[in-house]
Amino acid sequence: MAGNFLARLEFLIGPDFLDLRRELTEVYRSKTARRLAGSVALVLFTIQWIVFLGGLHNDYDDLIQLHITSEQVRVTERIHSSNQDYQSLPQQLFDESLVGIALISGSDKLLLQAGDTGGFSHGQRQLTSANLVIRSQWLVQTPAETLTAIAFIDSTSDVMAIARSALQLFILALVTSFIIAAVAMTGAFKFFIHPMECLIEALRKSREESNGRAPQLIEIPSRIDLKPLAVEINNLIEGQRKSERQVKVKQQYLEFAAHHDPLTHLPNRLMFEDSLKKIVHSATADERQFSVFLIDLDSFKFFNDQYGHLIGDKMVVEVSNRLRTQISDVDLIARLDGDEFVVLQQDVNEIDSIEKVAERIMKVIAEPYEYRGFTLKTAVSIGVSRFPDDVLISQEEDLLGEEIVNNAAVALQEAKTQGKARYQLFTEKMRSNLTQRIRLEADLKIALEQGQFEVFYQPKINIHTKQVAGAEALVRWNHPTQGFISPEDFVPVAEETGLIIELGEWILRSACFKMRELQQQGYTGINVAVNISAVQFTDGNLLPMVRKALSDTQLPPELLELEITESAVMHDPAEVIRSLHQLSEYGMKLAIDDFGTGYSSLAYLKQFPVDTLKIDKAFITDVSSDNDDVAIVEAVLGLGKHFNMKVVAEGIEDEDQLNFLKSSGCDVAQGYFISKPLNSDQYSQWLKRWPYGAEGGTGEKVVNIPELRTGTDG
Ligand code: C2E
Ligand code: MG
Ligand code: MG
């Protein structure tokens, strides 16, 4: 029915009606609009109705009054024209409205009572009548007397008239309330509710889509212009997005910094290890192969010392750029340490392909690099380890990555030992060496605890007088199952593990004790030389440790000589010069060991408060046949003379070598030709038997010494 009506209306009004209808439907659908309209309509209707009711009441009074007045006029006229025949009055008077009448004479006599007079009873003056009958009383002046007329008037027609008016007003109030409410609702909907709903909807959508992050800029599809509101909201959002972006950029930077090397921007060790873990995992699952190339710049420390750290950094960046751009077909490049890079290539496992990659890397890096007028060159050594060939697959997967890098490091070390600027693949032999080394490390700790070390002494003689000049203390490890192990095998391990600090202190104290013992026996002019490792030198505790050893044994400092290798001295020359001065000021003698094998800068040499240069035995061995070695030995002797240093030749194995050194002006000789290293007792015996005596005295003056024994001499 309603549909029919709307269809007809639509037909009449045309397409505009469609819009109107859509709008009204929209409005009607809005719960807020409906509620608002209901409230407005109710309020309006109530107000109108109260006003109308007041008016109706007045209208009713007026209507009744008019009715009464007209009946009074009619009845009065009839009474006048009745010639006092009052009984005839009812027939003439009664009509629809006048239903009863009573007349009372001036002398208060009831002249007439007719029709419906309810319970009227003259004398009691009361009237009870039908509900809608009204009693009206007035005086009528006749020529004879003054009468009291009482008329009973039916007011039904008046009530009906008022009821009709009331109904009309009710409908009017209802319709006007409805129309006003509808208009108000439409307006409110259009200008307030709809935009608000659009805004809320847009915000909700934006929140849902943003998924907990700063929302996207919102669009408010409203029919009225919400631009200023949208602009404000979007400004707010933009502000939040901006700060979110800043946080994100910061996070990305921190993330990048945590996983990349700041100088070259290559992935750092952390990131490499992470990636390697993933590659190991997928290679294990897919049975694929890969190779790791550990690349280390050769003599980079020397390069840094020569050109300075700034150019050293430039070189590192250049190497990383070359790796990145020219070896770009590999899967991963990272910088692990100062001058250490790593390249990982998947699906390369054949020796041929590995060699090609390694050679390419070496070639690319060896190209000269022009920087600010300098032509810089560097070379690299490479250690290669293959997966899965070089790892023990029985290991936990987590440890495989570490193992493959360790293996490459071992191969790299081998390449360095072999003479640098080369590559080396990891081999089974290296693995067994590695295992042996790990075992050695564990055994070293036990050896220290169980006192398996012994200090041997190799005599040194004045090459001209042949008198004993002193001895070099050399540590020996008497391993319970492997017998004597060479210090060349275990000292580097002790240095790496830090055990050399404890071991070195024990050696020094033992040597000081032995020397004090000999001094007490009358050998007052000989000294003892103790080898000090670079680790002890940089430890920072060397001077206090030496001072304590000297004071505990009461050995005069000048009878102790500390031997520091040339490479240790050049490790950090400025720092070394400071330490050497402190030691020298305390009174000890200082020697540079293995001189000629390292890279001593002669410029530094004059700053070192050194008393002795020890020519490395490598130059002595062929001194009688190799002209180059002769030149080196003579150069060292010349240097020693120039700087007023004593020169010791070690490793003299025959008379020719001794004679050559003697004639060249060397001061002190040490080597198997004079004596092999001897244990403490053997050294004491040897001293007694040495036919040329000792410098400063020959002994035989034994005094009490046991109180000097300390718990540290094993
Ligand atoms: P180094 O300080 O240069 O010691 C000299 C080495 O040459 C000793 O080897 C010695 O036995 C050996 N030698 C001496 N004369 C001859 C000879 O005529 N022919 C040959 N072929 N060799 C000779 P050793 O005792 O095996 O020590 C090797 C290296 O281990 C030492 O070289 C030193 O660098 C280190 N070392 C030895 N003892 C200690 C120590 O107590 N502390 C530290 N830090 N290092 C030590
Ligand atoms: Mg030495
Ligand atoms: Mg030496």
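Reader: What makes the pair of a backbone N or O atom of Val-475 and a nitrogen atom of ligand 1 a polar contact?
Author: The two atoms lie 3.2 Å apart. A polar contact is a pair of N or O atoms within 3.5 Å, so this pair qualifies. The model is predicted: local features need pLDDT of at least 70, side-chain atom pairs count only at pLDDT 80 or more, and totals for chains, interfaces and linings use all residues. Side-chain values use heavy atoms, leaving out hydrogens and water; residues are numbered from 1 along each chain as its sequence is written, while chains are lettered from A and ligands numbered from 1 in the order in which they are written.

Reader: Which polar side-chain atoms lie by an oxygen atom of ligand 1?
Author: One belongs to Asn-531, at 2.8 Å, and one to Asp-594, at 3.1 Å.

Reader: How many residues are around ligand 1, and which come nearest?
Author: There are 21 residues around ligand 1, of which Arg-476, Asn-531, Asp-593, Glu-653 and Tyr-672 come nearest. A residue counts if one of its heavy atoms lies within 4 Å of the ligand.

Reader: Why is the space of about 50 Å³ called a cavity?
Author: On a 1 Å grid over the protein atoms alone, a 1.4 Å probe fits there but cannot get out, so the space is a cavity. The structure holds two cavities of 30 Å³ or more, and the volume of the largest, about 50 Å³, is the space filled by probe spheres set on the grid points.

Reader: What makes a residue part of the lining of the largest cavity?
Author: A lining residue has an atom within 4 Å of a cavity point. Lys-460, Ala-469, Gly-470, Asn-527, Glu-561, Lys-646, Val-648 and Val-668 line the largest cavity. Strand 13 (468–479) and strand 19 (646–650) each give two or more residues to this lining; strands are DSSP runs of E, at least two residues long. By class, the lining has three nonpolar, two polar and three charged residues.

Reader: How do you know which parts of the chain are predicted with low confidence?
Author: pLDDT is the predictor's confidence in each residue, from 0 to 100. The chain averages 87, and 92% of the residues score at least 70. Over residues 125–130 the pLDDT is below 50, as over residues 701–714. Where pLDDT is low, the predicted coordinates should not be read in detail.

Key
1 Å grid on protein atoms, 1.4 Å probe; cavity = no way out; pocket = protein on both sides within 12 Å on 5 of 7 lines; lining within 4 Å. Helix = DSSP H or I, 4+ residues; strand = E, 2+ residues; numbered from the N terminus. Nonpolar A, V, L, I, M, F, W, Y, C, P; charged D, E, K, R; others polar. Contact = heavy atoms within 4.5 Å. Polar contact = N/O pair within 3.5 Å; in protein donor to acceptor, adjacent residues only side chain to side chain.
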